[in-house]
Amino acid sequence: MAEPVKGPKSYFPSIEAKYGKPIAFWMKELKKVKDLKHLEQVNYLKETHGMGHGHANAIVAVFRAENS
């Protein structure tokens, strides 16, 4: 049996359901602002796409971990 997803990735199903876009879309969006700091990237998602803070923070955390 597979272990349940933990950490920021556990938000991904609800992010996809709420905003109607796959996680790959959000990762591409963050590539546009890859040189900004963590909170600046969070604010980009919040201001540009109306995303909530927790969801934006989860996506940015994973993006930065996978693209550092």
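**Helix faces and packing in a four-helix chain**

In helix 1, which spans residues 12-19, the buried residues are Phe12, Ile15 and Tyr19. Looking down the axis of helix 1, these buried residues fall within an arc of 60°, so they line one face of the helix. Flip to the other side of helix 1 and the picture changes: Pro13, Ala17 and Lys18 are exposed there. As for partners, the buried residues of helix 1 pack against helix 2 (23-31) and helix 4 (53-66). Right after helix 1 comes Gly20, which has a positive phi, near 70°. All of this is read from a predicted model.

Helix 2 can be taken in the same way. Its buried residues are Ile23, Trp26, Met27, Glu29 and Leu30. They cover an arc of only 155° around the axis, which puts them on the same side of helix 2. Lys28 and Lys31 sit on the other side of helix 2, and both are exposed. The buried residues of helix 2 pack against helix 1, helix 3 and helix 4. The packing of helix 1 and helix 2 thus goes both ways, with helix 2 listed among the partners of helix 1 and helix 1 among those of helix 2.

Stepping back to the whole chain, the secondary structure amounts to 4 helices and 0 strands. Read from the N terminus, the order of elements is α-α-α-α. The chain has a radius of gyration of 12 Å, close to the 11 Å given by the globule rule for 68 residues, so it is as compact as a globular protein of that length. Along the principal axes, the C-alpha atoms fill a box of roughly 40 × 25 × 20 Å. Of the 68 residues in the chain, 31% are buried. Contacts also reach across the sequence: among those between residues at least 6 apart, 48% join residues at least 24 apart.

On the outside, the chain exposes about 4,600 Å², and carbon and sulfur atoms supply 54% of that area. As for charge, there are 11 positive and 7 negative side chains, and the centres of the two sets lie 1 Å apart.

Helix 3 (residues 38-49) offers three residues for a closer look, beginning with Leu39. Leu39 has a relative accessibility of 49%, so it counts as partly exposed; the cut-off for exposed is over 50%. The C-alpha atoms of Leu39 and Asn57 are separated by 7.9 Å, although the two residues are 18 apart along the chain.

Gln41 is also in helix 3. Despite its polar-sounding name, no guesswork is needed about its setting: Gln41 is buried, at 0% relative accessibility. Not counting residues up to four places away in sequence, Gln41 touches Leu30, Val33, Lys34, Leu36, Val60, Phe63 and Arg64. One of these, Leu30, is a buried residue of helix 2.

Next to Gln41 is Val42, which lies in helix 3 too. Val42 is buried as well, its relative accessible area being 0%. With neighbours within four places in sequence left aside, Val42 is in contact with His53, Ala56, Asn57 and Val60. For His53, the C-alpha separation from Val42 is 7.0 Å, with their positions 11 residues apart along the chain. Two of these residues have come up already: Val60 is also touched by Gln41, and Asn57 is the residue whose C-alpha atom was paired with that of Leu39.

That leaves the stretches outside the helices. Lys9 is found in the segment before helix 1 and is partly exposed, at 39% relative accessibility. Leaving aside its neighbours within four places in sequence, Lys9 is in contact with Val62 and Glu66. Lys9 and Gln41 are 32 residues apart in sequence, and their C-alpha atoms are 17 Å apart in space.

At the other end, Asn67 belongs to the segment after helix 4. Like Lys9, Asn67 is partly exposed, with a relative accessible area of 43%. Its C-alpha atom is separated by 9.2 Å from that of Lys31, with the two residues 36 apart along the chain. Lys31, for its part, is one of the exposed residues of helix 2.

Conventions. Residues are numbered from 1 along each chain as its sequence is written. This is a predicted model: local features need pLDDT of at least 70, side-chain atom pairs count only at pLDDT 80 or more; totals for chains, interfaces and linings use all residues. Side-chain values use heavy atoms; hydrogens and water are left out. Buried means under 20% relative accessible area, exposed over 50%, partly exposed in between (1.4 Å probe, protein chains only). Helices (H or I, at least four residues) and strands (E, at least two) are DSSP runs, numbered from the N terminus. The arc is that of the directions from the helix axis to the C-beta atoms. Contact means heavy atoms within 4.5 Å. The radius of gyration is taken over C-alpha atoms; the globule rule is 2.2 Å times the number of residues to the power 0.38. Accessible areas come from the Shrake-Rupley method with a 1.4 Å probe; for residues, only the protein chains shown count as cover. Lys and Arg count as positive and Asp and Glu as negative; His and the chain ends are not counted. The place of a charge is taken as NZ of Lys, CZ of Arg, CG of Asp or CD of Glu.
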